[in-house]
Amino acid sequence: MKILSITAQKPHSTGSGVYLTELVNQWSRQGHAQGVVAGVYREDTVHLPAQTAFYPVYFNSPGLPFPIVGMSNEMPYPNTRYRDLTPGMAEQFEAAFYAVVKRAVEELQPDLVVCHHLYFLASLVRGWFPNKKVVAVCHGTDLRQVQKIPLKREFIIAQIQKMDAVFALHEEQQKEIESLFALPGGKSHVVGAGYNQDIFYPGHSRGKGGSNPLQLVFAGKVTEKKGVFSLLRALELLPYPPKALSVKLAGGPGPAQEYEQVTALAQAGKYPVQLLGPLPQPQLAELFRQSDVFVLPSFFEGLPLVNLEAMACGCQVVCSNLPGLAAWYNSNLPGNNVRFVPLPPMKNTDEPQPEGLPAFEQRLAQTLEQALSSPAGPPEGITRLSWQGVSQRILAAAGVE
C-alpha cells in the first residue's frame with residue numbers, strides 16, 4: 001500500500017511531529033511505500049525511513065516569506081501564529097502547499113492520505129483531492145484553533161465533515177470532535193497514542209535518600225501554558241532541604257519575556273533548577289531513567305506522549321487532570337502510576353483564572369511530595385501501548401488494512 005502523510009509543521013519537534021514520525025516508522029516496517037509532506041526550513045535535517053520520499057514545503061522562502069505556522073502559540077522554533085495570518089499570507093500558504101502536495105500525489109499515487117491536525121491544511125487537502133481517501137488525526141491543539149480563531153472556520157468545518165475518517169486520541173476528545181464539526185455517525189475513531197520501546201525503557205533503580213538527591217523532571221515547551229510558572233512556585237511549598245531535590249526542565253523556550261521570567265523564578269528558588277533546552281529523544285529517555293518523578297502541569301494537552309515515555313523509563317508521573325486523560329489511562333493501562341492534579345478554573349479553553357492558581361499550586365506541591373516518596377518503576381503492561389498498535393488501528397479504521 002502507498003501512504004502519504006501531511007503536516008504543516010516540522011516532523012520530530014513537537015508531540016504531533018513525533019506522532020507522525022512514529023507512524024511513518026511503523027508503516028515502513030510493515031512494508032508500505034510512503035511519502036511525507038511537511039513544513040520546514042531549508043537548514044532543517046529530517047530523519048525518516050530510508051525509502052520514504054520527503055516533500056518539503058519551505059517557509060522563510062520567496063514563495064512563503066514568513067516562519068512556519070504553528071498549531072500552538074508557543075512553538076520550540078520560530079513560528080507564525082495562525083491568528084496572525086493575513087488573507088495574503090493564507091493565499092501564499094495555500095499555493096505553496098498545493099504545489100508540493102499535488103506533486104507528491106502525482107508521484108506516489110497514494111492509496112491513503114493521512115493529515116495531521118483537523119485544521120486549515122487538512123481541510124485544503126480534502127478539497128483538492130475529492131477522489132482520494134483522506135483521513136485526519138486530531139492532536140488537541142487543532143480544536144483550540146477552530147474554537148478561538150475565525151480563520152476560514154466555516155470552510156474548515158465543512159471540509160473536515162467530508163473526511164473519510166477522523167481519529168481522536170481518547171474518548172473525551174472524540175465527543176468534542178463530533179460536536180465541533182457535526183460529524184456524521186461512524187466517521188470518528190479513537191486510536192490513542194504510543195511510545196517507542198526502543199528508546200524509552202527502564203534503567204537501574206535509583207536509590208532514594210542518602211547522598212543521592214531526589215530528581216524531578218519536566219519536558220515540554222517552557223511556557224506559562226505548560227504550567228512551568230506554577231511548577232516553579234509549587235516547588236517552594238515542598239518540605240525538602242535545598243540539597244535533597246534537583247529539578248531539570250527539558251524543552252525549548254516560548255516567548256522571550258516568559259523565558260526570562262522562568263529563568264528568574266528558577267534562580268530565585270530554593271532548589272537547583274537546570275534549564276536544559278530541547279533534547280533528542282535518546283537523551284530525554286536517559287534523563288527520565290535518572291529521575292524519580294516526571295511532572296506535566298499543563299493547562300491544555302491532547303494526549304501527551306511524554307507521560308507514556310516517562311512512565312516507560314520508570315518515573316512516577318504527575319499531570320494536570322486534563323479532560324479525558326484519566327479515563328484513557330485507566331482504560332488502557334490499569335494500575336498506571338499517574339497522579340492527576342485538578343485544574344484551576346479555566347477561561348478561553350487554555351487559560352487559568354489567576355485567582356485559582358494558588359490553590360492549584362498547593363495541590364501540585366502535595367501531589368509531587370506523594371510521588372517523590374513512592375517507589376519508581378514502569379507500570380505493568382505498558383509495553384502494550386506501542387506505536388505498532390496505533391498504526392494498525394488507523395489503517396483498520398480507514399478501511400485500507
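The sheet in this predicted model is open and has 7 strands in the order S3-S2-S1-S6-S7-S8-S9, paired in parallel. Strands here are DSSP runs of E with at least two residues, helices are runs of H or I with at least four, and both are numbered from the N terminus; two strands pair if DSSP finds at least two bridges between them. At the edges sit S3 (53-58) and S9 (188-190), each with a single partner strand, so one side of each has no neighbour in the sheet. On average, neighbouring strands are turned by 20 degrees against each other, direction ignored.

Further in, S1 (residues 2-6) runs parallel to S6, and 4 bridges join the two. Ile 6 stands opposite Cys 115 in S6. Helix H3 packs on the sheet, touching S1, S6 and S7 (134-137), with its direction at about 155 degrees to that of S6. Helix H13 (residues 387-398) lies across S1, S6, S7, S8 (165-168) and S9, at about 150 degrees to S8. Axes are lines fitted to C-alpha atoms, for helices over the stretch in contact, and angles run from 0 to 180 degrees between N-to-C directions.

His 117 lies in the loop between S6 (112-116) and H3 (120-128). His 117 is buried (under 20% relative accessible area, 1.4 Å probe, protein chains only), at 4%. Its side chain makes a polar contact of 3.4 Å with that of Ser 16, the term meaning a pair of N or O atoms within 3.5 Å, one able to donate a hydrogen and the other to accept it. Beyond four places in sequence, contacts of His 117 (heavy atoms within 4.5 Å) include Thr 7, Met 71, His 139 and Asp 142.

Residues are numbered from 1 along each chain as its sequence is written, and side-chain values use heavy atoms, leaving out hydrogens and water. Local features need pLDDT of at least 70 and side-chain atom pairs count only at pLDDT 80 or more, while totals for chains, interfaces and linings use all residues.

How values were computed: Buried < 20%, exposed > 50% of the residue type's maximum accessible area, 1.4 Å probe, protein only.
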